[in-house]
Amino acid sequence: LFFTEMWERLSYYGMRALLLLFMTAPVASGGLGFDAAQGGAIYALYTSMVYMMTLPGGWIADRFIGQRRAVLYGGILIASGHFSMAVPTLATFYLGLFLIVIGTGLLKGNVSVIVGALYSPEDKRRDAGFSIFYMGINMRAFFSPLVCGYLGQRVNWHLGFAAAGVGMLFGLIQYVAGSRYLGEVCSKPAPARMPQEAGTLRRRALTIGGVLVAAVLLFGVATLSGALPVTATQVADAAGYFLLFLTVGCFGWLFSSSGWTREERHRLYAIGALFLAAGIFWSVFEQAGSTLNLFADRSTRLDLFGWQFQSSYFQ
């Protein structure tokens, strides 16, 4: 699980280091030629949706396929997304982002659930297990911009994206090879209360999921073809308002519900405070791949004692 998350984070942070730089690079140098506002809007939409999709990703794992298969399917989608971005067309670029968003939604939250399921709640090794697991994230977050950044900025943008896909592929191979050590942990979804309930839920989920995927693909085709004159900035702004409305509505529903015990309500207040703090932190943290990335590329000295390095190294 350590190595699975390590390789997944290599693909994520490696690609993230290049994403806005590639979008704002001139077409003559192999980039997309977007201005900073358009590129920043796409980056914002992508990073927010990556984490937003962990909610349906966790629900799908709990209800239908189990966490183990969710991680596998997510890794396959992520690798496919990176390889799609390695193809130099605008359509495959957007398709790649879409696949990575869906894949990360299936993998990111569920691999952590598997780590937790290896220990009982009373096991004193639980915190140490998560510390070891988290080191994989930090290691690849450090090394991936060096590898993907060099290949992308010095050699070819699409080679950098492909390198991220190769990293995820390595993660998938070792995940499948090492899964025998996990026993039966998280291999099955949570059992339904009644068999007919599970069947009804599956049919509804397939119908709603199919409609949503079709709507997203139709919207993407209409936007790319020019049939629907919508800019990336407008889509990102609309998504931001939607997320804000959803968050306020969710917490409003939680706090106004009368079904909580006194202890549970105190925990809800703690969750609200932590949620607000986390929101502020991550809104600042994600500037690393957008605002600060452009600052590093355009307004920062990129040589040290005669050694020229890539701006993505600052990641």
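Let's start with how the chain folds back on itself: of its contacts with a separation of 6 or more, 75% are between residues 24 or more positions apart. Please keep in mind that this is a predicted model.

The chain contains 10 helices and 2 strands, and along the sequence they follow the order α-α-α-α-α-α-α-α-α-α-β-β. The radius of gyration is 21 Å, close to the 20 Å that the globule rule gives for 315 residues, so the chain is as compact as a globular protein of that length. Some whole-chain values are collected here.

| Property of the chain | Value |
|---|---|
| Box filled by the C-alpha atoms, along the principal axes | roughly 65 × 45 × 35 Å |
| Residues that count as buried | 37% of 315 residues |
| Exposed area | about 17600 Å² |
| Share of the exposed area from carbon and sulfur atoms | 70% |

Now to the interior. The largest nonpolar core has 31 residues, and M15, L19, M23, Y46, M85, F93 and L97 touch the most other members. At least two residues of this core come from each of α1 (2-24), α2 (36-52), α4, α6 (157-178) and α8 (232-256), with α1 giving the most, 9 residues. Another core lies apart from this one; its 13 residues include A79, L107, Y175 and L182.

M23 is a good residue to click on: leaving out residues up to four places away in sequence, M23 touches L32, G33, F34, G39, I42, Y43 and F93.

Helix α4 also deserves a look. Its 28 residues (90-117) reach 41 Å from first C-alpha to last, close to the expected 40 Å, and α4 has a kink of about 30 degrees centred on T104.

Note on methods
Residues numbered from 1 in each chain as written. Predicted model: local features only at pLDDT ≥ 70, side-chain atom pairs only at ≥ 80, totals over all residues. Heavy atoms only, no water. Helix = DSSP H or I, 4+ residues; strand = E, 2+ residues; numbered from the N terminus. Expected span 1.5 Å × (residues − 1). Bend = angle between axes of the 7 residues up to and from the residue. Core = buried A, V, L, I, M, F, W, Y, C linked by side-chain atoms within 4.5 Å. Buried < 20%, exposed > 50% of the residue type's maximum accessible area, 1.4 Å probe, protein only. Contact = heavy atoms within 4.5 Å. Rg over C-alpha atoms; globule rule 2.2 N^0.38 Å. Areas by Shrake-Rupley, 256 points an atom, 1.4 Å probe, with all protein chains shown as cover.
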